[in-house]
Each structure stands twice: as C-alpha cells, then as structure tokens.
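Hi there,

Here is the structure I promised to pass on to you. Have a look at it first, and then read on for what turned up in it.

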Amino acid sequence: MEKAIMWIMACGALLGGLDRLSGNRLGLGKKFEQGFELMGSTALSMAGILCLAPMLAKILRRFAAPVCARIGLDPAMLAGVLAIDMGGYPLSMELAADAAVGRFSGVIVAATLGCTVSFTIPIGVGMLRDGARTDFSRGVLFGVATLPVALAVGGRLCGLGFGTILLQSLPALLLSALVLLGLRFRTDGTIRAFSVLAACIRALATIGLTLGAFEYMTGRALLPGLSPLADAMGVVASIAIVMLGSLPMAELLQRLLRRPLRRFGARTGMNETSIAALLVGAVSVLPAIAMVRDMDSRGRVVNAAAMVCSASAFAAHLGFVAGVDASMILPLFAAKFTGSLTGALVALWATRRRA
C-alpha cells in the first residue's frame, strides 16, 4: 500500500514537471513549483527542532520518564502534544520505551491532536473574528470529541492492542478534554495559552536552527549533543520531494471531485467555498483557514471539525512520514481520514437545523 501511494505521488511529480516544461498549461506545473517552494518554510518550522531533539529528549527522559514508568505510560506519549513536523515525531522516537508506541505517538497522535494544539487552533482562531471564530471553535470541539476514533484506528494499524491504545492515549485524551472545556468555557484564555505554546515552539526551532548552522559552518558546537543540521535538512528535502507530486495530485483530485462535491454541498446546504475547503485543508491547513471567512455558518463548523484530523494529510504530513518511516503512511492516512470523516459527520448532524 505504501509503495502504491508513493507511485501515485511519483506520477504526480511527473505530470507536474511535464506541465511546467509545457508552460503550465494545466496549472499542475504551478503546484509542482509550490511543493519545492515550501521547503524554506518547512525548514524554518522543523529543522531546528530536529537538531534539538536529542537534547530535549534527554531532559524529558530525566525528569518525566520516572513518573511515566510509575503509572505504566510510555514517555513517548508526552511528545504527542507537538505537531508531527514540529518535533512530535523525533521526540517520540527518542523517548520511546516501545518503538510501536513511539510511532503511534509520533505519527498518529502528533499528526492529529499535536497538529491541532500547536498549529490549527492558535493560527485558526487567531485569524478569525466574531461569528467565524465562534463557528470555527465549535467545529474544533466536534473534531476533538471524535479524536478517539482516529487514535483507535491508527493505534491498531501500529500493531497495538485496544487496551494498550487506551492506556497510552490517556495523556492525549486528558489534553483533549481540557481543550474541549477551554474552548467551551474560556475561549480567549485557551487561545492565548495555545498561542504561547506555538511561540515557544517557534523560538526553539529558531534556536536549534541557529546553533545547527553555526556548528555546520565552523565545526564548533556551541551546544554539544545536537543532531547535525545536514541530517535535519535531509528530512526537509524528502518532504519537499514528496510534495512535488502530492500537490499536483491533490489538484487533480479536487478537479475530479468538483461535481460530486457540488452535489454534496447542495444536499447539505453548504456553499461552494465550504466544499472546496474540505479538500484544500487536506493539502494545507493555512489556505483552508483563510477561506473560512467566505464560508456559510454550517460550512465553517464542518470544516473545522474535519480539519482536526485531516490537516495537511496530502502534503507536509505525508511528505514527512514518507521521509522518516514509509511503513506508517497507511496508518497515518487511515487515522486522519477516519477521524476527519467522523468529525465532519458529527458536525453535520449537530448543525442539521442550519441546512
């Protein structure tokens, strides 16, 4: 299955490259270019964290691992609060007592809950105001509430039993409950807390990138124990390579599904922007959030619910997993799209009076 997905992405890169050579007549060449152009922003957000991962893991292992051991938790689950490409995966694997739990935390939890907490919520709610912000927050509630479905599916495909999944997911489920309560009763304070978390992650990424660059250029380590920046950039490059194909293929998928999605929108009472954003969010969450202002109320709720799990599935997250552990592509997709579908269906049911 993983090879089939990579072949599809490779065909996307081939089509995008050929279209670029022909003058971008189909619009796929532009998507091909965007995949490579995203390398810079991807490196800024994650290369520094990859450099710092051994040091951060050492700190967490010293202070948090003994507490986790007493209650039967794998320390890897602590890193699931970070997005998969913002330190969640490398930290999980560094901390893991069980490699399967490390993959579960670093890929499944980090690509759903971690991405939501450290990126989607602070960016999304920070960009929106008034009714759009209220609808978006409500949708995130539905998405987070159905998150256990994604964790169960992803955990099983990681080779974990249901009992292990339940036990190891307790920190993620507790954080999910806090997110639900915070967004429901203390929205502004919750958003500020997540914004501070996002700012701290960005600061760490900058520090790691700076120290890694200095060591690379001088051969002298200002902070011993860093992972080499060249290795981190290799992971970034692998993500960009996959996006060369994933973005053109996502564009083709969006065109092929345009008519059935319009019929779906007509049946559910959501406007065309709302329907288009369901696919856009699975490629990149930022443009989908920018489209929220032009959605109808029901579309905002449904998109936010779906985005909790589907965010960046076809681009950054697929590229990252393909670069570090291709065997996790199927569990990643299964978890993200099962959770996304469940969240969207619950949101549709909850907003049926708005149709």
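The lining of the largest cavity is made up of 5 nonpolar and 3 polar residues, with no charged ones. Please keep in mind that this is a predicted model. The residues around that cavity are A277, L278, G281, A282, N303, A306, M307 and S310. Two elements, α13 and α15, each give two or more residues to this lining. The volume of the largest cavity is about 30 Å³, and a search of the whole structure finds 1 cavity of 30 Å³ or more.

Now for the pockets. How much space lies in the second largest pocket? The figure is about 380 Å³. This pocket is lined by 17 residues, and those closest to its centre are L278, A306, S340, L341 and A344. You have met L278 and A306 already, in the lining of the largest cavity. The elements that supply two or more residues to the lining of the second largest pocket are α12 (258-268), α13 (272-283), α15 (297-310) and α17 (329-350). Which of them gives the most? That is α17, with 6 residues. By class, this lining holds 15 nonpolar residues and 2 polar ones, and no charged residues.

The largest pocket has a volume of about 620 Å³. It is lined by 27 residues, and S41, T42, S45, D85 and F119 are the closest to its centre. Several helices share in this lining: α2 (28-63), α4 (84-95), α5 (99-127), α10 (187-218), α14 (285-290) and α16 (313-324) each supply at least two residues. Sorted by class, the lining of the largest pocket has 17 nonpolar, 8 polar and 2 charged residues.

Next, the charged pairs. Side chains of opposite charge can pair when their charged atoms come close. How many salt bridges does the structure hold? There are 3, and here is each one in turn:

- R20 and E33: the closest N and O atoms are 2.8 Å apart. R20 belongs to helix α1 and E33 to helix α2, so this salt bridge ties together parts that are 13 residues apart in sequence. R20 is partly exposed, at 48% relative accessible area, and E33 is partly exposed as well, at 25%.
- R300 and D135: here the closest N and O atoms are 3.3 Å apart. This pair links distant parts of the chain, as R300 is in helix α15 and D135 in helix α6 (residues 130-145), 165 residues apart. Are these two buried or exposed? R300 has 15% relative accessibility and therefore counts as buried; D135, at 8%, counts as buried too.
- E251 and R255: the closest N and O atoms are 3.0 Å apart. Both residues lie in helix α11 (residues 229-256), 4 residues apart, which is about one turn of the helix. E251 is buried, with a relative accessible area of 14%, whereas R255 counts as partly exposed at 33%.

There is also a nonpolar patch on the surface, formed by L14, L18 and L21. Together these residues have about 360 Å² of accessible area. L21 is in helix α1. Why does L21 count as exposed? Its relative accessible area is 74%, and exposed means over 50%.

Last, two backbone angles to look at. Most residues other than glycine have a negative phi. Which residues go against that pattern here? N24 is one of them, with a positive phi near 60°. N24 sits in the loop between α1 (2-21) and α2, and N24 counts as partly exposed because its relative accessibility is 31%. S312 also has a positive phi, of about 60°, although S312 is not a glycine. Its place is in the loop between α15 and α16. Unlike N24, which is partly exposed, S312 counts as buried, at 10% relative accessibility.

If you want a place to begin, try finding α15 in the viewer. This helix helps to line the largest cavity and the second largest pocket, and R300 of the pair with D135 lies in it too.

Enjoy exploring, and best wishes!

Methods:
Residues numbered from 1 in each chain as written. Predicted model: local features only at pLDDT ≥ 70, side-chain atom pairs only at ≥ 80, totals over all residues. Heavy atoms only, no water. 1 Å grid on protein atoms, 1.4 Å probe; cavity = no way out; pocket = protein on both sides within 12 Å on 5 of 7 lines; lining within 4 Å. Points joined across faces, edges and corners; volume = space filled by probe spheres on them. Nonpolar A, V, L, I, M, F, W, Y, C, P; charged D, E, K, R; others polar. Buried < 20%, exposed > 50% of the residue type's maximum accessible area, 1.4 Å probe, protein only. Patch = residues over 30% accessible without salt bridge, like charges linked within 9 Å, V, L, I, M, F, W, Y side chains within 5 Å. Areas by Shrake-Rupley, 256 points an atom, 1.4 Å probe, with all protein chains shown as cover. Salt bridge = Lys/Arg side-chain N within 4 Å of Asp/Glu carboxyl O.
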